Amino acid sequence: MNKKFLLLGSGELGKEFVIAAQRIGQTVIAVDSYAGAPAMQVAHGFEVINMLDGAALDAIVAKHRPDFIVPEIEAIRTERFYDYERQGITVVPSAKAANFTMNRKAIRDLATKELGLRTANYRYATSEATLQQAVSEVGMPCVVKPLMSSSGKGQSTIKSEADIARAWQYAMEGSRGDVVEVIVEAFVNFESEITLLTVTQHQGPTLFCPPIGHRQERGDYQESWQPALVNVTALEEAKMMAGKVTEALGGAGIFGVEFFLAKDGVYFSELSPRPHDTGMVTLAGTQNFNEFELHLRAILGLPISGIHLERAGASAVILAHHTGEQPTFSGLAAIASLPKTDFRLFGKPSTRPYRRMGVALCYDDAGTDIASVVERAKEAAAKVTLD
Ligand SMILES: Nc1ncnc2c1ncn2[C@@H]1O[C@H](COP(=O)(O)OP(=O)(O)OP(=O)(O)O)[C@@H](O)[C@H]1O
Ligand SMILES: [Mg+2]
């Protein structure tokens, strides 16, 4: 079974997906907006296009005639996906999933209004004046996000009236495309947040990975760990919600479903219909299959007999601090000498402040105090510096 995959987005998550696909003899064409992107380095071929340009997307789909289109990012002209489905190409996990999740409004209304999932109270606003109104309705503190953005871009917290004008301005600057609208969410004073990796299958039940805990800063995750300690009731509730939302979106593949765990219960936040960055912890061998292998199996319709925790693990990001080209790294011998530790350097050709360049991966026996594994991952990541 040699299938052809068109991977839309060629970052570090795409790279691991390509490696998983290569290992079982599949063909992958990797696409991104610049040449030399991580996944391109390991793919059979590559294309450089603006993926928000529908005509450019149509052209490469027509050129390569893939069996599967696998989005790795949100910023794609996903409206075109419905047409590709009609042409008989499988969009992973489905055109609807990719299209709904690129816009916070579509996915939030689906989750809340259609499926009745518990989310933070929210409103939308299309101007500074309507933002004022929305804030008065959801109350302060609240979080403002552009409808189209990721990695925390354009996101800020309003604590007092004085923050409103700036929050509107900031959201417009951080908005992808020309959408002039934001979501305003009540601030959830959560105790922790988790990603529940959820695998839907063409044949076979929906499977859940052990929950992953993570810590966010500036809109990007800094450390993630697995298993996260979640009480049984909360975990069952999260699984129920993840099952519902992934079923409504359709298709087969892995989803990263994000939840806030608060004193008063579990809140659905959002989801990615693809491997999740916090799920890189599975590269530490925490599970019998990592999240990329699971995605691949689900896409190909290969049976997944079960998902098991094999070890406790943690990941900690290695970030750049300056703008530059062709980065080199120091401290590799230091991190390599640590026990039960591994790392990835993504091979990104250029740097900018806070760009994720690599990840440290630590593991220990299942059942080990997870906080100590997280601590080791942070220490390991700190050994690696960019020259
Ligand atoms: N309503 C909220 N209450 C409290 N914290 C929030 C709220 N919304 C978002 N956050 C915090 O901000 C982080 C990023 O928010 P969210 O996941 O919605 O944005 P994003 O830009 O889609 O991020 P990413 O693409 O990296 O997942 C969350 O993981 C959480 O830590
Ligand atoms: Mg998120």
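How many of the 10 residues of strand 21 are buried?

## Strand 21 and its partners

In this predicted model, strand 21 (residues 356-365) has 7 of its 10 residues buried, so the rest of the structure largely encloses it. Here "buried" means that 20 or more other C-beta atoms lie within 10 Å of a residue's own; 12 or fewer makes it exposed, and anything in between partly exposed, with C-beta atoms placed from the backbone. Helices (H or I, at least four residues) and strands (E, at least two) are DSSP runs, numbered from the N terminus.

Strand 21 pairs with strand 16 (residues 311-319) in the antiparallel sense, over 9 bridges. Ala312 has Asp364 of strand 21 as its bridge partner. Strand 19 (residues 341-345) also pairs with strand 21 in the antiparallel sense, over 5 bridges, and there Arg344 is matched with Val359. Two strands count as paired if DSSP finds at least two bridges between them.

## Helix 7: two faces

Helix 7 (residues 164-173) has Ile164, Ala167, Trp168 and Ala171 as its buried residues. They cover an arc of only 100 degrees around the axis, which puts them on the same side of helix 7; the arc is that of the directions from the helix axis to the C-beta atoms. As a rule, an α-helix has 3.6 residues a turn, so residues three or four places apart point the same way.

Over on the face turned away from the buried side, helix 7 carries the exposed residues Ala165 and Glu173. The cover over its buried residues includes helix 6 (128-138), strand 7 (142-146), strand 8 (156-158) and strand 9 (182-186).

## Helix 9: mostly covered

Helix 9 (residues 291-300) has 9 of its 10 residues buried, among them Phe292, Leu294 and Ile299. Its buried residues pack against helix 1 (12-23), strand 4 (68-71), strand 10 (192-200) and strand 14 (253-262). Right after helix 9 comes Gly301, with a positive phi near 75 degrees.

## Domains

The domain assignment, which is automatic or from a database, splits the chain into domain 1 (4-91), domain 2 (121-186) and domain 3 (192-386). The centres of domain 1 and domain 2, taken over C-alpha atoms, are 32 Å apart.

## How to read the numbers

Residues are numbered from 1 along each chain as its sequence is written, while chains are lettered from A and ligands numbered from 1 in the order in which they are written. Since this is a predicted model, local features need pLDDT of at least 70 and side-chain atom pairs count only at pLDDT 80 or more, but totals for chains, interfaces and linings use all residues.

Notes. Two residues are in contact if their C-beta atoms, placed from the backbone, lie within 7 Å.
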